[in-house]
Amino acid sequence: MRNYSPKKYLFSSLSFLQILVNLFLIGCAETKISQCRKIIILTQKMAEESENYRQTEDRQKVLQVADIFEETSQQMKQLKIEDENLQEYQIGFADIYQGNADTTRQFVAALNDKDIDKARLMQQQVQQLGKKEQELGAKMKDYCQDN
């Protein structure tokens, strides 16, 4: 007759249950691609919004763009991103958008104050932020396409 060990049976059942739980959790976790899409959707939305106002000279509309940058920055921060590398891109875009919002407001304030030097400086900062955004987007694209 075989030795029946309740302990052995319990441990093997628990191990099997642990494996099932792990598989379930892995299956429920978002993929890298789906997390990439979340960030990409927001960046594309921001690009479209800012493009609509690119040629305007209306200061109120420029301030509306600053509000859109700030809102997008907040939305970016609120995305549920689990991938650590994508979290860095998420934070990077959020910081860039917040920087654009702040710098755009300072630019308009400088124009209102007729402070041309400060307006030029703010314009340069916006251009630098644009370059950072392009670089970050290219790095993230490479990461998201890497399987």
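**Entry 1: terms and ground rules.** Contact, as I use the word here, means heavy atoms within 4.5 Å. I call a residue buried under 20% relative accessible area and exposed over 50%, with partly exposed in between (1.4 Å probe, protein chains only). Helices (H or I, at least four residues) and strands (E, at least two) are DSSP runs, numbered from the N terminus. This is a predicted model, in which local features need pLDDT of at least 70 and side-chain atom pairs count only at pLDDT 80 or more, while totals for chains, interfaces and linings use all residues. Residues are numbered from 1 along each chain as its sequence is written, and side-chain values use heavy atoms, with hydrogens and water left out.

**Entry 2: the whole protein.** I looked up the elements first and found five helices and zero strands. From the N terminus on, they run α-α-α-α-α. Of the 147 residues, 28% are buried. I then turned to contacts between residues at least 6 apart in sequence: 72% of them join residues at least 24 apart.

**Entry 3: helix H2.** I checked the length of H2, residues 32-53. Its 22 residues should span 32 Å at 1.5 Å a residue (the rise is multiplied by one less than the number of residues), and the end C-alpha atoms are 32 Å apart, which agrees. Which residues of H2 are buried? I noted Gln35, Cys36, Ile39, Leu42, Thr43, Met46 and Ser50. They cover an arc of only 135° around the axis (taken from the directions from the helix axis to the C-beta atoms), which puts them on the same side of H2. A reminder to myself: an α-helix has 3.6 residues a turn, so residues three or four places apart point the same way. On the other side of H2, I found Arg37, Ile41, Glu48 and Asn52 exposed. What covers the buried residues of H2? The cover includes helix H3 (59-78), helix H4 (84-112) and helix H5 (116-145).

**Entry 4: helix H3.** I repeated the length check on H3: 20 residues should span 28 Å at 1.5 Å a residue, and the end C-alpha atoms are 29 Å apart, which agrees. Its buried residues are Val62, Val65, Ala66, Ile68, Phe69, Thr72, Ser73 and Met76. Seen down the axis, they fall within an arc of 160°, so they line one face of H3. Gln60 and Gln78, on the other side of H3, are exposed. H2 and H4 are among what covers the buried residues of H3.
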